[in-house]
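The following exercises concern a predicted model. Each task is followed by a solution that proceeds step by step.

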Amino acid sequence: MRFMMIVKANTDSETGRLPSTEELTSMGKYNEELVKAGILLAGEGLHPSSKGVRVAFSPKGTTVTDGPFSETKELIAGFWIIEVKSREEAIAWARRIPFQGGEVEVRQVASAEDFAPSDPTGELRAKEEALRAQVEAKAKA
């Protein structure tokens, strides 16, 4: 099972404050633990929303709005994607994140099987799996 651990934004992340050497060191150790456990698939920090845009969709087309965005509690500052055996294991790993404050949301990543009822013939799933194989091959090259 894949889970995304979503780091919620805060005033520091939205102002672009860089982590201290101590914070980077403890986060590096945590990331090493994830790698040694063989569960880390991806993990990144994000620039503040002032460097981002939102694209809204409607029947009339799209609208692009430049950041920053005011609702900090609705923004994310980074994420990890891990692959573990259960929701409980994902929560256990989230509890080990070396934060002194803030919030992390843990959500399961949907798999192709979750969409099976919308694809009774399996044709769409086969196409998606072929695309994923292409991406993996490119990443290994």
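**Exercise 1. Identify the bridge partner of Arg54 in E4, and describe how the two strands concerned are connected.**

Step 1. The bridge partner of Arg54 in E4 is Thr65.

Step 2. This pair belongs to the ladder between strand E3 (residues 53-58) and strand E4 (residues 61-66), which run antiparallel and are joined by six bridges.

Step 3. The connection from E3 to E4 is a hairpin of two residues.

Step 4. Beyond this hairpin, the loop between E4 and E5 contains Pro68. The peptide bond from Gly67 to Pro68 is cis, with omega near 10°. As background, most peptide bonds are trans.

**Exercise 2. Determine which strands pair with E1, and in which orientation.**

Step 1. E1 and E5 run antiparallel and are joined by seven bridges. Within this pairing, Met5 stands opposite Trp80 in E5.

Step 2. E1 also runs antiparallel to E6, with five bridges between them. Here the partner of Val7 is Val104 in E6.

Step 3. The burial of E1 may then be examined: five of its seven residues are buried, and the strand is mostly covered.

**Exercise 3. Establish which residues of helix H3 are buried, and why they lie on the same side of the helix.**

Step 1. In helix H3 (residues 87-95), the buried residues are Ala90, Trp93 and Ala94.

Step 2. These residues span an arc of only 100° around the axis, and therefore they lie on the same side of H3.

Step 3. The general geometry is instructive: an α-helix has 3.6 residues a turn, so residues three or four places apart point the same way.

Step 4. Glu88 and Arg95, on the other side of H3, are exposed.

Step 5. The elements that cover the buried residues of H3 include E1, H2, E5 and strand E6 (104-108).

**Exercise 4. Characterise the surroundings of Trp93.**

Step 1. Trp93 is located in helix H3. Its relative accessible area is 11%; the cut-off for a buried residue is under 20%, so Trp93 counts as buried.

Step 2. If neighbours within four places in sequence are left aside, Trp93 is in contact with Met5, Tyr30, Glu33, Leu34, Ala37, Ile39, Ile82 and Val84.

Step 3. One of these contacts, Met5, has already appeared in the strand pairing, opposite Trp80 in E5.

Step 4. For a distance check, consider Val35, which is 58 residues from Trp93 along the chain: the two C-alpha atoms are separated by 12 Å.

**Exercise 5. Compare the volumes and linings of the largest pocket and the second largest pocket.**

Step 1. The largest pocket has a volume of about 950 Å³, and the second largest pocket has one of about 310 Å³.

Step 2. The second largest pocket is lined by 14 residues, with Arg2, Ser111, Ala112, Glu128 and Arg132 closest to its centre. For the largest pocket there are 32 lining residues, and Val7, Ser13, Pro19, Met27 and Phe99 lie nearest its centre.

Step 3. Several elements each supply at least two residues of the lining of the largest pocket: E1 (2-8), H1 (11-15), H2 (21-36), E2 (40-45) and E5 (76-83). The largest share, six residues, comes from H2. In the second largest pocket, helix H4 (residues 123-140) gives the most, with five residues.

Step 4. By residue class, the lining of the largest pocket comprises twelve nonpolar, 13 polar and seven charged residues. The lining of the second largest pocket comprises five nonpolar, one polar and eight charged residues.

Methods
Residues numbered from 1 in each chain as written. Predicted model: local features only at pLDDT ≥ 70, side-chain atom pairs only at ≥ 80, totals over all residues. Heavy atoms only, no water. 1 Å grid on protein atoms, 1.4 Å probe; cavity = no way out; pocket = protein on both sides within 12 Å on 5 of 7 lines; lining within 4 Å. Points joined across faces, edges and corners; volume = space filled by probe spheres on them. Helix = DSSP H or I, 4+ residues; strand = E, 2+ residues; numbered from the N terminus. Nonpolar A, V, L, I, M, F, W, Y, C, P; charged D, E, K, R; others polar. Buried < 20%, exposed > 50% of the residue type's maximum accessible area, 1.4 Å probe, protein only. Arc of directions from axis to C-beta. Contact = heavy atoms within 4.5 Å. Pairing = 2+ DSSP bridges.
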